[in-house]
Amino acid sequence: MKRLLYLISYLSFLISLPSFAQTEIERFRPGVTLEGVNYFLPKTVFEVVLTAEKTVTKPGDFAAYADRYLRLKDVPTLESTQWKLTSITLMPYGVPDSTKAYSVKLRAKTSAPLVSLTDDGLLLGVNADVTPEPDPELPKAVAAPKLVNGRDFMTHEILSAGSTAKMAQLTAEEIYDIRDSRNALIRGEADNTPKDGAQLKLMLDNLDKQLYALESLFKGQSLMSTEVLSFDFEPSPQSDGEKQLLCRFSHRLGLVAADDLSGEPVWITVKPVGSLPAIANDAETAKKKSKMEQGIYVNQPRRAQIVIFTAKQTLLTTEVPVAQFGTTEVLSDALFNKKLETSVTLHQHTGSVKEVK
């Protein structure tokens with residue numbers, strides 16, 4: 001969680017003085033700006049979250065005898081790992097834009113004495129007690145089930161066998177015996193068939209557990225987990241919808257380095273939507289703008305369409321505001337020079353105005 005930095009300047013003057021001096025806002029220059037609060041506007045960065053299924057296949061100790069004793073064909077004989085990309089999510093957050101650093105000069109008669117910042121200097125609000133937005137929760141990873149040890153269910157006779165081949169033969173005979181016992185219970189033909197349904201289910205579940213463990217010595221085991229992988233991506237205003245390599249994903253290794261050709265490329269396009277308002281350059285507009293330069297700088301983001309895809313399928317299509325695709329505007333200092341305080345809160349991820357009171 002990010003902490004808020006609260007800067008309060010001469011609040012007592014607000015009650016006693018009938019008018020207010022200007023709240024001076026200027027571009028920050030290290031070593032030059034004095035007695036002010038330095039702040040940044042953000043640029044939008046995305047945490048790219050990949051959710052994938054990872055399946056680890058482990059061969060059984062008796063894989064070589066699976067066909068001979070159990071008539072099982074094509075059982076795995078080597079350990080392998082298989083990855084499958086199931087979804088991609090984008091989580092936006094704001095980071096300081098070094099090209100958008102400004103200073104608020106706090107004076108005794110100003111009506112903007114409270115400036116809320118994040119730890120890294122992003123402006124959250126003026127005259128407003130703003131709590132930073134919590135980090136979004138990532139999808140939950142799910143661990144693979146525990147590997148079953150078939151040897152825990154071997155009889156003394158099996159464990160005492162003098163060779164692997166003999167152990168495999170005796171294990172197969174034990175599997176057939178368990179299958180016969182299970183079928184007899186289901187048909188009600190067993191001498192010890194319980195009359196209570198719950199007791200019968202308990203016995204069948206126990207037999208199934210033994211069967212799975214002993215059969216896994218021949219068939220092997222496939223253990224599946226859900227993995228969550230993430231990295232950052234910063235859209236460039238110069239991209240203009242061009243296809244970019246986002247990452248590479250391997251069905252054997254999962255997420256790999258961008259230059260690792262064993263992975264299939266995952267592409268991204270980021271295209272601004274709509275057009276920005278035309279900038280007026282006439283003398284009257286310039287005069288008005290010069291009077292507003294003492295106000296608070298904010299971002300006016302522009303929406304962008306983002307598409308993530310591979311050669312085979314589209315993984316994500318979404319539309320979100322991106323700060324660096326838009327413009328920087330100024331809230332007039334007149335908002336902060338009235339007897340009634342004006343409070344402004346900003347969106348943390350884009351630096352745009354959320355609310356003005």
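**Figure 1. Five strands form an open sheet in this predicted model.** The strand order is E9-E8-E10-E11-E12. The pairing is antiparallel. Two strands sit at the edges: E9 (254–256) and E12 (314–331). Each of these edge strands pairs on one side only. Neighbouring strands are turned against each other by 35° on average, with direction ignored. In a regular strand, side chains alternate between the two faces of the sheet.

**Figure 2. Strand E8 meets the edge strand E9.** E8 covers residues 244–250. E8 and E9 pair in the antiparallel sense, over 3 bridges. Look for Ser-250, which stands opposite Gly-254 in E9.

**Figure 3. Strand E10 pairs with strand E11.** E10 spans residues 264–272. There are 6 bridges between E10 and E11, and the sense is antiparallel. Find Val-270: its opposite residue in E11 is Ile-306. How many residues of E11 are buried? The count is 11 of the 14 residues in this strand (296–309), so E11 is largely enclosed by the rest of the structure. Buried here means under 20% relative accessible area.

**Figure 4. Strands E11 and E12 make a hairpin.** The link between E11 and E12 has 4 residues. The two strands run antiparallel and are joined by 13 bridges. One facing pair is Val-298 with Glu-329, the latter in E12.

**Figure 5. The largest nonpolar core holds 25 residues.** Which residues touch the most other members? They are Phe-62, Met-154 and Phe-218. Three helices give two or more residues to this core: H2 (66–70), H4 (164–187) and H5 (197–219). H4 gives the most, with 8 residues. In soluble globular proteins, nonpolar side chains tend to be buried together.

**Figure 6. Phe-218 has many partners within the fold.** Residues up to four places away in sequence are not counted here. Phe-218 touches Phe-62, Ala-63, Tyr-65 and Ala-66, among others. Its contacts also include Tyr-69, Leu-70, Leu-72 and Val-75. Further along the chain, Phe-218 touches Ala-168, Thr-171, Ala-172 and Ile-175.

**Figure 7. Another core lies apart from the largest one.** This core has 24 residues. Among them are Leu-90, Val-270, Ile-308 and Leu-316. Val-270 also appears in the sheet, where it stands opposite Ile-306 in E11.

Terms used
Residues numbered from 1 in each chain as written. Predicted model: local features only at pLDDT ≥ 70, side-chain atom pairs only at ≥ 80, totals over all residues. Heavy atoms only, no water. Core = buried A, V, L, I, M, F, W, Y, C linked by side-chain atoms within 4.5 Å. Buried < 20%, exposed > 50% of the residue type's maximum accessible area, 1.4 Å probe, protein only. Contact = heavy atoms within 4.5 Å. Pairing = 2+ DSSP bridges. Axes fitted to C-alpha atoms, helices over the stretch in contact; angles between N-to-C directions.
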